[in-house]
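Me: I'd like to learn how to read salt bridges in a model. Could you walk me through it with the one below?

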Amino acid sequence: MMRNPARILVTGAGGLLGSELSGALAERGHAVVAMLHRSTAMHRNDGRPLSAPPWDGTLPPPGEVATLRGDVRQIGAGWDKPR
């Protein structure tokens with residue numbers, strides 16, 4: 001694990017780059033919250049699924065990814081609406 005892991009929000013995490021970036025950051029020991037808009041699944045570029053629990057409002061542990069449904073085009077990223 002890293003000595004000072006970062007807390008990172010990745011938008012577009014359901015896409016090709018966002019999924020790979022989320023997984024790579026977690027592998028390097030960072031705590032990652034991955035924002036998904038349309039997609040509900042994330043896959044690494046080699047096709048492996050990237051499993052991550054839904055974000056519960058707390059920071060995931062270093063080296064893990066949590067998913068969050070949202071839309072950066074909306075005020076408040078759409079978090080004010082029940083999901």
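Me: Which side chain does Asp-71 meet in a salt bridge?

Reply: Start with the general idea: side chains of opposite charge can pair when their charged atoms come close. Keep in mind that this is a predicted model. Here, Asp-71 pairs with Arg-73, at 3.0 Å from N to O.

Me: Is Asp-71 buried or exposed?

Reply: Asp-71 counts as buried because its relative accessibility is 9%, and the cut-off for buried is under 20%. Its partner Arg-73 is exposed, at 59%.

Me: How many salt bridges are there by this rule?

Reply: The count is four. One of them joins Arg-44 to Glu-20, with 2.9 Å from N to O. That pair links distant parts of the chain, 24 residues apart: Glu-20 sits in helix H1 (residues 16–27), while Arg-44 lies in the loop between strand S2 (31–36) and strand S3 (65–69).

Me: Why does Arg-44 count as buried?

Reply: Because its relative accessibility is 8%, and buried means under 20%. Glu-20 comes out as partly exposed, at 23%.

Me: Which residues are linked with Arg-44 in a network of salt bridges?

Reply: Glu-20 and Glu-27 are, so to speak, the other members of that network with Arg-44.

Me: And what does Asp-46 form a salt bridge with?

Reply: Arg-48, and the closest N and O atoms are 2.7 Å apart. Asp-46 is exposed, with 53% relative accessibility, whereas Arg-48 is partly exposed, at 43%.

Notes: Residues numbered from 1 in each chain as written. Predicted model: local features only at pLDDT ≥ 70, side-chain atom pairs only at ≥ 80, totals over all residues. Heavy atoms only, no water. Helix = DSSP H or I, 4+ residues; strand = E, 2+ residues; numbered from the N terminus. Buried < 20%, exposed > 50% of the residue type's maximum accessible area, 1.4 Å probe, protein only.
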